[in-house]
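Open the model in a viewer with the cartoon on and side chains ready to display. The stops below follow one another as selections.

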Amino acid sequence: MAIRKSNKTSQTTVLKQILKRCSSLGKKNDYDNNDDALPLDVPKGHFAVYVGENRSRYIVPISFLTHPQFQSLLRQAEEEFGFDHDMGLTIPCQEVVFRSLTSTLR
């Protein structure tokens with residue numbers, strides 16, 4: 001039981017880190033006064049990701065985090081970029097592939 005709880009805690013921690021990193025490229029004016037707040041232009045239950053060569057910004061629902069295909073993209077992002085950087089959550093794939101995938105998840 002303790003191992004399962006530890007894994008769940010670890011997953012929760014990683015998800016919180018992901019959501020905290022979903023920023024507006026550090027534009028402080030777009031944030032609430034609370035240091036832990038998400039950008040004001042991101043609706044509740046959503047987060048921002050940056051995709052493709054141009055790092056286009058997409059707002060996606062948090063429910064995507066439970067989909068295996070999206071989790072695969074997150075693993076690729078972690079391997080390529082890590083989660084400890086100021087660029088927000090960057091997904092390493094072409095925009096057309098990302099849009100196609102996300103349209104099937106909705």
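The model is a predicted one. Begin just past the end of helix H2 and select Gly82, whose phi is positive, at about 75 degrees.

Step back into the helix itself by selecting residues 68-81, which make up H2. Put a distance between the C-alpha atoms at its two ends: they are 20 Å apart. That agrees with expectation, because 14 residues at 1.5 Å a residue should span 20 Å.

Now show side chains on H2. Which of its residues are buried? They are Phe70, Leu73, Leu74 and Ala77. These four sit on the same side of H2, because the arc they cover around the axis is only 100 degrees. Turn to the other side of H2 and select Pro68 and Glu79, both of which are exposed.

Next, go to the sheet. Its three strands are arranged in the order S2-S1-S3; the sheet is open and its pairing is mixed. Select S2 (56-61) and S3 (90-91), the strands at the edges. Each has a single partner strand, so one side of each has no neighbour in the sheet.

Add S1, residues 46-51, to the selection. S1 and S2 run antiparallel and are joined by six bridges. Strands of a sheet pair through backbone hydrogen bonds, so showing backbone atoms is useful here. For one position along this pair, pick His46, which stands opposite Pro61 in S2.

Last, select residues 95-105, helix H3. H3 lies across S1, S2 and S3, and runs at about 15 degrees to S2.

Notes
Residues numbered from 1 in each chain as written. Predicted model: local features only at pLDDT ≥ 70, side-chain atom pairs only at ≥ 80, totals over all residues. Heavy atoms only, no water. Expected span 1.5 Å × (residues − 1). Buried < 20%, exposed > 50% of the residue type's maximum accessible area, 1.4 Å probe, protein only. Arc of directions from axis to C-beta. Pairing = 2+ DSSP bridges. Contact = heavy atoms within 4.5 Å. Axes fitted to C-alpha atoms, helices over the stretch in contact; angles between N-to-C directions.
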